[in-house]
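Good morning, and thank you for coming. Please look at the structure on the screen while I go through it part by part.

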2 protein chains.
Amino acid sequence: MDRIQLQNSFQAYFNELGYDIDWQRLTVPMDVHVIRKGDYLFQQGDFANRLYFLHSGLVRYVSVSDEGKEFTQTFAKSPRIIGSTKAMVTETRVLFGIQALEDSMISSYPWRAFYEQMRQDVGFLECYAKFLERIFIAKEERENAFVKHSAERRYLDFCADYPELKNVIPQQQIASYIGITPVALSRIRQKLNRR
Amino acid sequence: MDRIQLQNSFQAYFNELGYDIDWQRLTVPMDVHVIRKGDYLFQQGDFANRLYFLHSGLVRYVSVSDEGKEFTQTFAKSPRIIGSTKAMVTETRVLFGIQALEDSMISSYPWRAFYEQMRQDVGFLECYAKFLERIFIAKEERENAFVKHSAERRYLDFCADYPELKNVIPQQQIASYIGITPVALSRIRQKLNRR
DNA sequence: ACCAATAATTAACCTAGGTTAATTTCTTCT
DNA sequence: AGAAGAAATTAACCTAGGTTAATTATTGGT
């Protein structure tokens, strides 16, 4: 597929951030990744210092503890920019993996080179800052929910926030997003049903 | 105190972010806040849409649940930029309060006006983006610790990360940073001592 | 130096959620 | 449609951390 054509699917996304990106000008080489449902774009511990554009599909950010317990940090639906800010910016290993929950199509650029080419552009910088604000605020709100609400409440919130996911992804993934085991979630659902 | 002189104490902070801010050019009116130990710069639920410069002192970000349980999101030591990105950017109520743990001196600007005046400056935008990256990464790492480590481990990590705070702030605040009750922390310490 | 207030410890008891394992339901593949 | 695997439910039991409350330090103000 043609590169410009592919990237054009992100026009709306950037417009929403108040920016009109000029893909022609960008000479950094692009990669394309086709990830099948269940497979990983990258795994926890990799050096994932690239910027990824999720063109189609659905992914989750998942980190697993030493004891093998999974935690789903967030879900992302196309069109969306994905990746690890930390790994990109500090060139360190990434703390989570990205797993496709549906077959997904992703393009990517090496962050350092991409940024070097775009940082001349004030519009881009403003857009990038806005993007960072947005993901930071999302984390702030999620942290808040974890601290202030019970698991039951977090489940109810999940159902309200992601109505389209509720019946599409397996319950164990919902549980790992809420921060409990599938068994505990099943118990909560049972309790809710009895009302 | 003279405004420029006051702000100059942040020169080093900005240099570290690769930027040399020109305070002369900034005409937005500045406020000064002197907060005594224990008092709040702002409370959870306020509209704190300002950018704050912590010139001297030490603060904590604390949010309290409906049941009155406190959670310390983070500590900040001068010199440091503080405030709520969410409340500044979206003009919504802030999800946490900022409490002084030592007598603190803070200057502030209304974010919207400050940003309007600075956004012309590419250097500032890069610096702002770098700042956002930094606080985002800190949150990412903290989330990681919460998900992957036990309370005992989190306490040990706190002691390693904040050696200077360990004997300065009350233990209940350490407990609320770790996400447990003071009673539970006391138990953990007892267990560690017996070794 | 003393008092009052605040913080920390300890103990007894409670609860949400974890663990293991058996059973049932849903998917997916041929 | 039927078999094999994966997901969800349920039950019995366990544990980290919460709750309450009594006891013992610490701290700060006069």
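I begin with the surface near DNA strand C, which by class has six nonpolar, six polar and three charged residues. Please keep in mind throughout that this is a predicted model.

Which residues come nearest to DNA strand C? Of the 15 residues around it, they are A:Arg187, B:Gln171, B:Gln172, B:Ser186 and B:Gln190. On the DNA side, sugar and phosphate make up 64% of the atoms of strand C that come within 4 Å of the protein.

Let us now place this surface on the secondary structure. Helix α9 of chain A, residues 182-193, supplies at least two residues, and so do α8 (171-178) and α9 (182-193) of chain B. The greatest contribution comes from α9(B), with five residues.

Three individual contacts are worth finding on the screen. The side chain of B:Ser186 has a polar atom 3.0 Å from a phosphate oxygen of DNA strand C. In the side chain of B:Gln172, an N or O atom is 3.0 Å from a sugar or linking oxygen of that strand. From chain A, the backbone takes part: an N or O atom of the A:Ala151 backbone lies 3.5 Å from a phosphate oxygen of DNA strand C.

I turn next to a sheet in chain B. Strands of a sheet pair through backbone hydrogen bonds, either parallel or antiparallel. Which of these applies here? The pairing is antiparallel, in an open sheet of four strands with the order β2-β7-β4-β5. At the edges are β2 (40-42) and β5 (70-77) of chain B, each of which pairs on one side only. From one strand to the next, the twist averages 30 degrees.

Within this sheet, strand β4 of chain B, residues 58-64, pairs with β5(B) in the antiparallel sense over seven bridges. As an example, B:Val62 has B:Thr72 in β5(B) as its bridge partner.

My last topic is the largest pocket, which holds about 1,300 Å³ of space. It is lined by 43 residues, and those closest to its centre are A:Phe146, A:Val147, B:Phe146, B:Val147 and B:Arg154. How do the lining residues divide by class? There are twelve nonpolar, 14 polar and 17 charged.

Both chains contribute to this lining: β5, α5 and α8 of chain A, and β5, α5 and α8 of chain B, each supply at least two residues. We have thus met α8 of chain B twice, at the surface near DNA strand C and in the pocket lining.

Note on methods. Residues are numbered from 1 along each chain as its sequence is written. Chains are lettered from A and ligands numbered from 1 in the order in which they are written. This is a predicted model: local features need pLDDT of at least 70, side-chain atom pairs count only at pLDDT 80 or more; totals for chains, interfaces and linings use all residues. Side-chain values use heavy atoms; hydrogens and water are left out. A residue is near a molecule or strand if one of its heavy atoms lies within 4 Å of it. A polar contact is a pair of N or O atoms within 3.5 Å; within protein, one must be able to donate a hydrogen and the other to accept it, and residues adjacent in sequence count only if both atoms are side-chain atoms. Ala, Val, Leu, Ile, Met, Phe, Trp, Tyr, Cys and Pro count as nonpolar, Asp, Glu, Lys and Arg as charged, and the others, Gly among them, as polar. Two strands pair if DSSP finds at least two bridges between them. Axes are lines fitted to C-alpha atoms, for helices over the stretch in contact, and angles run from 0 to 180 degrees between N-to-C directions. On a 1 Å grid over the protein atoms alone, a cavity is a set of points where a 1.4 Å probe fits but cannot get out, and a pocket is an open set with protein on both sides within 12 Å along at least five of seven lines; lining residues have an atom within 4 Å of a point. Grid points are joined across faces, edges and corners, and a volume is the space filled by probe spheres set on the points.
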